[in-house]
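This report describes the fold, the strand pairing and selected residues of one chain. The sequence and structure are shown first.

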Amino acid sequence: MTDELESAGQILERLGLAEIPRLQAEIDQLRQNITFLFEHLNVSIVKRECVRCHAPMYLALLKSGRKMPFNPDGSSHFSSCPFANEFRKERKA
Ligand SMILES: [Zn+2]
């Protein structure tokens, strides 16, 4: 236990006390991002195939009822789907 405390102290020394506010800010940002996800995602992100181009993608279900399609690399599927214009027309109709 004492050894663990000492090594934690050594880590803080190595990082430098000046680093602590920066790390705290990063942690706060991550916490905000996680809170945002939990507040806006309904159930989860489901793996789907695009009904038009059949590319593998992920569908984020938002509490608002909107569905946001993402490519496996994290980019929006609307920006890469060859049928994206048809989706936009359908949403307006
Ligand atoms: Zn598609």
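How many helices and strands does the chain have? The chain has 3 helices and 3 strands, where helices (H or I, at least four residues) and strands (E, at least two) are DSSP runs numbered from the N terminus. Along the sequence these elements follow the order α-α-β-β-β-α.

The model is predicted: local features need pLDDT of at least 70, side-chain atom pairs count only at pLDDT 80 or more, and totals for chains, interfaces and linings use all residues. Residues are numbered from 1 along each chain as its sequence is written. The mean pLDDT of the chain is 80, and 82% of the residues score at least 70; pLDDT is the predictor's confidence in each residue, from 0 to 100. Among the elements, E3 has the highest mean pLDDT, 87, and helix H3 (residues 84-92) the lowest, 69.

Of the 93 residues in the chain, 2% are buried. A residue is buried if 20 or more other C-beta atoms lie within 10 Å of its own, exposed if 12 or fewer, and partly exposed in between, with C-beta atoms placed from the backbone. Contacts are pairs of residues whose C-beta atoms, placed from the backbone, lie within 7 Å. Among contacts with a separation of 6 or more, 16% involve residues 24 or more positions apart.

Strands E2 (residues 56-62) and E3 (residues 67-70) run antiparallel and are joined by 4 bridges; strands pair if DSSP finds at least two bridges between them. Ala-60 lies opposite Met-68 in E3. The two strands form a hairpin with 4 residues between them, and Gly-65 in the turn has a positive phi of about 100°.

Two further residues are compared by location and exposure.

| Residue | Location | C-beta neighbours inside 10 Å |
|---|---|---|
| His-54 | loop between E1 (41-49) and E2 | 8, exposed |
| Pro-56 | strand E2 | 11, exposed |

His-54 is not a glycine, yet has a positive phi of about 65°. Leaving aside residues up to four places away in sequence, Pro-56 touches Glu-49 and Pro-72. The C-alpha atoms of Pro-56 and His-77 are 9.7 Å apart, with 21 residues of sequence separation.

How values were computed. Two residues are in contact if their C-beta atoms, placed from the backbone, lie within 7 Å.
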